[in-house]
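User: Hello! Please take a close look at a single part of this model for me, and then work outward from there to the rest of the fold.

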Amino acid sequence: MSTITKIEITHHRLPLDPPFPASWDTRPRTHFPATIVRVHDSEGRVGIGSGDSMYGFADYERYFIGEDPLDIDRHAAVLANIEFHAGRPWPMDLALWDLIGKIKGQPVWKLLGGTDNKVRAYASSGVHRSIEDMVQVAKRCIDRGFPALKVRFGRPKLDDDLAVVKAIREATGDRLELMVDCNQGWRMPWDTAAPWNVDHAERVAKVLESHGVYWMEEPLHRGDYAGMTELKKRVGIRLAGGELTREPYEFRELLTRGCLDVFQPDVVCTQGITGLAKFAREVHEAGKIFTPHTWGNGIGVLGNLHVTVGTVGAPFIEFPYDPPEWSTARRDYPLVNTIECDDQGWIHLSHEPGLGITLNEDLLAKTMASQATFS
Ligand SMILES: [Mg+2]
């Protein structure tokens with residue numbers, strides 16, 4: 001058996017010029033931070049993960065040193081305890097799975113029980129554009145083979161958001177599924193705007209329903225369980241959420257109360273691959289859709305792809321993509337090779353052991369930083 005000998009955590013910041021005006025952030029982003037976790041074992045192998053900043057994790061590394069990397073359920077349980085004390089440590093779970101794959105000589109999707117290496121992507125846009133430009137974005141998605149596009153709400157006037165959906169539907173007919181992200185479930189630290197209430201969300205939902213929108217994402221605050229169940233009674237459109245819900249018991253509440261049709265936990269934000277592989281199956285057994293949030297760097301995208309492909313699959317999975325402001329080159333800068341879809345929108349995972357990560361060490365060295373901040 002090999003043992004864990006060392007854990008390295010480094011921060012990086014890619015300068016963004018021009019800045020990225022993320023629709024859910026009131027401040028344009030001048031940098032894209034990435035935290036890289038490397039877990040070394042006694043045989044010289046290295047598992048790689050990324051995601052949250054892991055500040056303070058050094059205090060807890062001792063609980064992993066000398067342990068067998070394969071003892072993943074134990075490690076995930078320790079990480080769940082650390083989450084309570086010191087913030088989200090889930091990139092460590094990704095690094096351990098990458099290491100386990102390298103020890104066993106298998107890709108993670110296969111270790112989880114997957115029989116097929118592919119899943120179809122939906123284009124997840126991230127910029128508020130004019131109606132005309134959003135129609136062009138939608139047409140480009142069709143040309144690129146994407147089956148679906150997610151549109152962002154949050155312009156100063158709701159009518160302008162709704163006009164975008166109407167215009168895209170009129171221009172593309174039934175050639176593209178559309179999703180709408182209302183982003184009411186979370187806020188940047190300085191953004192104190194109140195989330196929508198049920199009546200408001202219902203009015204929006206009815207309009208989206210009339211345009212045949214596939215799901216409405218985060219129409220209410222992530223903890224408004226009563227609001228979500230009430231909204232479910234009033235509207236027919238699928239409701240999606242859970243991207244920044246943290247605890248397993250919170251997800252169980254969302255599931256047992258029938259709050260959502262589409263569950264979007266992200267392996268780098270909650271429970272890691274270990275926990276979400278189990279939860280994906282629970283969601284599937286309940287007749288709901290599991291399709292993770294993936295908005296982060298390419299390592300997080302890979303972690304979410306592996307857990308989806310390795311368990312229950314998805315009609316389509318989030319592919320952060322809104323060039324030129326959000327290109328795969330920006331998104332995947334920690335990697336040598338960007339993650340791309342084929343001309344029908346399918347992402348094919350590799351058969352390499354682990355998560356299939358090759359770090360772009362040159363760029364990581366150039367972007368080394370002491371913090372993982374966006375501006
Ligand atoms: Mg979202």
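Analyst: Gladly; the answer below starts with one strand and then moves outward.

A word on the model comes before anything else. The model is predicted, and local features are given here only at pLDDT of at least 70 and side-chain atom pairs only at pLDDT 80 or more, while totals for chains, interfaces and linings use all residues. Residue numbers start from 1 along each chain, following the sequence as written.

The part I would pick is strand β4, residues 118-124. Strands here are DSSP runs of E with at least two residues, helices are runs of H or I with at least four, and both are numbered from the N terminus. Strand β4 is mostly covered, with 6 of its 7 residues buried. Buried means that 20 or more other C-beta atoms lie within 10 Å of the residue's own; 12 or fewer makes a residue exposed, anything in between makes it partly exposed, and the C-beta atoms are placed from the backbone.

Next come the partners of β4. Two strands count as paired if DSSP finds at least two bridges between them. With β11 (residues 317-320), β4 pairs in the parallel sense over 4 bridges. Along that pairing, Y122 stands opposite E318, and S124 has P320 as its bridge partner. Strand β11 itself is covered on both faces: I317 and F319 point one way, E318 and P320 point the other way, and all are buried. Strand β5 (residues 148-152) also runs parallel to β4, joined by 2 bridges, and there A123 faces L149. The antiparallel partner is β12 (residues 346-348), which has 3 bridges to β4; W346 is the bridge partner of R120.

K118 also belongs to β4. This lysine is partly exposed, because 16 other C-beta atoms lie within 10 Å. Beyond its neighbours within four places in sequence, K118 is in contact with V309, W346, I347, H348 and L349, where contact means that the C-beta atoms, placed from the backbone, lie within 7 Å. K118 is also 9.2 Å from S350, C-alpha to C-alpha, although 232 residues separate the two in sequence.

Just past β11 there is a backbone detail to check: P323 and P324 are joined by a cis peptide bond, with omega about 10°. P324 sits in the loop between β11 and α11 (328-331). Another cis bond joins D17 and P18, with omega about 5°, and P18 is in strand β1. Most residues other than glycine have a negative phi, and most peptide bonds are trans. Among the residues with a positive phi is E218, near 45°, in the loop between β7 (215-217) and α7. E218 is buried, with 28 other C-beta atoms within 10 Å. Q271 has a phi near 70° and lies in the loop between β9 (262-263) and α9 (272-285); with 25 C-beta neighbours inside 10 Å, Q271 is buried.

Stepping back, the protein is divided into domain 1 (4-106 + 361-369) and domain 2 (111-348), with bounds from an automatic or database domain assignment. Domain 1 holds the next topic, an open sheet. Its 4 strands follow the order β3-β2-β1-β13, with antiparallel pairing. β3 (46-51) and β13 (368-369) are the edge strands, each with a single partner, so one side of each has no neighbour in the sheet. β1 (residues 4-20) and β2 (residues 29-41) are joined by 12 antiparallel bridges, and H12 stands opposite A34 in β2. Helix α2 (residues 91-104) packs on this sheet, touching β2 and β3. The direction of α2 makes about 150° with that of β3; such axes are lines fitted to C-alpha atoms, for helices over the stretch in contact, and angles run from 0 to 180 degrees between N-to-C directions.

Finally, the two domains meet: 33 residues of domain 1 are in contact with 28 residues of domain 2. The largest share of the domain 1 side, 7 residues, comes from α2.
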